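This report introduces a protein structure to a reader who has not met it before. The sequence and the structure are shown first, and the description follows.

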Amino acid sequence: MRALLFRNHRSLKSIFSRKFPVRTDKMDASLVDSQTRCYMSYNSLGEPQKAPVVVGKGKKERKQRIQAVRTVIEVRDIDNSQFGDLELIQSRYRTQREWTPVISLNEEFDSKSVWIRARIHTVRKAGAKMCFLLLRQGVSSVQALLIVNEDVLDGVSISRQMVTYASKIPPESIVDIFGTVKKTAEPVKSATQHDVEVHVERFFVVSASSPELPFQLDDAGRCGSDEDPFSEAKHEQHESGKEKKIVTVGRSLRLDYRWIDVRTRSKHAIFRIQSSICRYFREYFIKKDFIEIHTPKIIAGVSEGGAEVFRLKYFGKPACLAQSPQLYKQMAVMADLGGVFEIGPVFRAENANTNRHLTEFVGMDFEMPIFEHYREVLEVLGNLFVFIFDNLNAHCKDELEAVNSQYPFIPLKYRRETLILQFADMIELIQEERKKMEANGMSPEEIEKAGANVHPLKDFSTPNEKLLGRLIKAKHDVDFYIVDRYPLAARPFYTMPAPDDPNYTNSYDVFLRGEEITSGAQRIHDPAMLEQRAKEKDIPVPSIQSYIECFKHGASPHGGAGIGLERVV
């Protein structure tokens, strides 16, 4: 641990071996590197104050105490101070400072003064008179620079004390920076805003981070193995031919400190992309004059049929967590609200430990009246995704680039008019692929694993979907498509049967890169047919009686879809 925290640990050995208390104000600052926080207290005018005495029973205790402190300069009047630690922000005052987002900094800001609040990503002191800071704000970053200038130049003087103070601030601390933006002669490769840097004139710590982080953000920003619970060292071939050790952070450690993990560019970008998908989903339907609704999540009976439901007691009575807002969406259409949509939580008691099954996820649902044919819904659904994809490509370029830097992906291919394929045709396509595999000598186990075993009247398995995604990409060169007319046995009780074949339904799934992200259908709006289908699915009719009742007073033909937000992301 000593070697990790102190570069010059041999020089410190004599200090730690002393038998008497150590005063930090007597320590030689040159013995301590940027990771060691030697506490010296100053007032807002930069005058040194008496430092506390570090007392410990033994060498180890004294070392821990010294490592835990850093240079602190208390600032009580920000208007008359140049650098230091701000008082705890308790909403005592408001200034007229205007804050500039890091992402907006470019050559147009050259020679302009800006206030920036950001985290310190890295600190690098270059000699005694210069310090480089990489400031991070979301997925954006900019280089900041402090240079000693004892003489007043343009009304600004930067002291050695200020440079030393800034160089000892721990990474991940939140700081306020005031400075002048300058164009750089060469691109700053470590920053996203690579054509400018900020020459710091005033520097304040808002909230200092603990010097010891559970892991480094740069390590968490590398693509590692989710199977490893903590961290691992990968080995890559360096240009010189030697192996290079690459440290990554495992899933368990990242989840234990999730608030730090989400600060990495890729994770932060994922949340912003997720937010944007919801925004464009909502925007699309509002433009179509749909109404946003909010449905109950604690209900009396099951929503979808089957056993995948969380059951609970509701004041002594049996209840369930909603598997979907399906029944309520339909009731809303029956209430003549027209098209409706919702973004909300969905619960499924599926004990499936895969990367595509969640017990709780965010559902993006919509329902709409049908005039003549359920293809009207398919057109709305296909255009919805084209709208979302177009806007993500146009407005989330920085976020997509951040994700791509850690998790490389190929740009999504989709058509302006969404490709719609028939379920029965997809079965034939998979069966043809199976024959090719058999001809190539693949074993039954290998064929099963490859997803080439398929039942003509059952839903696709996950391997089926992945194989289908590859076949569609090879044949049609698209990643986004819709499969139509699913078998009756594979759909919920409220799905409308096909008029020409009772084995199939007026239902569909949407696929993205070989993975189902959306299910939808025309719904049954005839009460007698609904009751019959509920019985066939072993759903107690009394538990959904109020739902069935809503179709007895004039029911509009209707359909819709439920989209899993996490799968889209």
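How many of the 9 residues of helix 9 are buried? The number is 7, and helix 9, spanning residues 326-334, is accordingly described as mostly covered.

## Helix 9 and its surroundings

The model discussed here is a predicted one. In helix 9, the buried positions are Gln-326, Leu-327, Lys-329, Gln-330, Ala-332, Val-333 and Met-334. These buried residues pack against two strands, strand 20 (340-347) and strand 21 (360-369). They also pack against helix 16 (545-549) and strand 26 (558-564). Just after the end of helix 9, Asp-336 adopts a positive phi of about 65 degrees.

## Overall composition

The protein contains 17 helices and 26 strands. Of its 569 residues, 45% are buried. Among contacts with a separation of 6 or more, 66% are between residues 24 or more positions apart.

The accessible surface of the protein comes to about 30000 Å². Carbon and sulfur atoms account for 51% of that surface.

## Nonpolar cores

In soluble globular proteins, nonpolar side chains tend to be buried together. The largest nonpolar core in this model has 42 residues. Within this core, the members that touch the most other members are Phe-281, Phe-285, Phe-366, Leu-381 and Phe-385. Helix 10 (residues 375-395) gives the most to the core, contributing 11 residues. Leaving aside residues up to four places away in sequence, Phe-285 touches Phe-290, Phe-341, Phe-366, Val-380 and Leu-384.

A second core, separate from the one just described, consists of 30 residues. Its members include Ile-120, Val-142, Leu-146 and Val-181.

## Salt bridges

Side chains of opposite charge can pair when their charged atoms come close. The count for this model is 29 salt bridges. One of them joins the side chains of Asp-176 and Arg-97, with an N to O distance of 3.5 Å. Asp-176 belongs to strand 12 (residues 174-183), whereas Arg-97 sits in the loop between strand 6 (83-86) and strand 7 (113-125), so that the pair links distant parts of the chain, 79 residues apart. Are these two partners buried or exposed? Asp-176 is buried, with a relative accessible area of 0%, and Arg-97 is also buried, at 18%.

A further salt bridge is formed by Glu-172 and Arg-263, whose closest N and O atoms are 2.9 Å apart. Because Glu-172 lies in the loop between helix 4 (160-167) and strand 12, and Arg-263 in the loop between helix 7 (258-261) and helix 8 (265-287), this pair ties together parts that are 91 residues apart in sequence. Glu-172 is buried, with a relative accessible area of 3%. In another pair, the closest N and O atoms of Arg-272 and Glu-399 are 3.2 Å apart. Arg-272 lies in helix 8 and Glu-399 in helix 11 (residues 397-406), so this salt bridge ties together parts separated by 127 residues in sequence. Arg-272 counts as partly exposed at 44% relative accessibility, while Glu-399 counts as buried at 8%. Salt bridges with shared partners also join Arg-254, Arg-258, Asp-261 and Lys-267 into one network.

## A three-stranded sheet

Strands of a sheet pair through backbone hydrogen bonds, either parallel or antiparallel. One open sheet in the model is formed by 3 strands in the order 17-19-18, with antiparallel pairing. Strand 17 (298-299) and strand 18 (311-314) are the edge strands, each pairing on one side only.

Strand 17 is joined to strand 19 (residues 317-321) by 2 bridges, and these two strands run antiparallel. Ile-299 stands opposite Cys-320, which belongs to strand 19.

## A position in helix 4

Arg-160 is located in helix 4. With a relative accessible area of 42%, Arg-160 is partly exposed. Along the chain, Arg-160 and Lys-129 are 31 residues apart, and their C-alpha atoms are separated by 6.2 Å.

Notes. Residues are numbered from 1 along each chain as its sequence is written. This is a predicted model: local features need pLDDT of at least 70, side-chain atom pairs count only at pLDDT 80 or more; totals for chains, interfaces and linings use all residues. Side-chain values use heavy atoms; hydrogens and water are left out. Helices (H or I, at least four residues) and strands (E, at least two) are DSSP runs, numbered from the N terminus. Buried means under 20% relative accessible area, exposed over 50%, partly exposed in between (1.4 Å probe, protein chains only). Contact means heavy atoms within 4.5 Å. Accessible areas come from the Shrake-Rupley method with a 1.4 Å probe; for residues, only the protein chains shown count as cover. A salt bridge is a side-chain nitrogen of Lys or Arg within 4 Å of a carboxyl oxygen of Asp or Glu. A nonpolar core is a set of buried Ala, Val, Leu, Ile, Met, Phe, Trp, Tyr and Cys residues joined through side-chain atoms within 4.5 Å. Two strands pair if DSSP finds at least two bridges between them.
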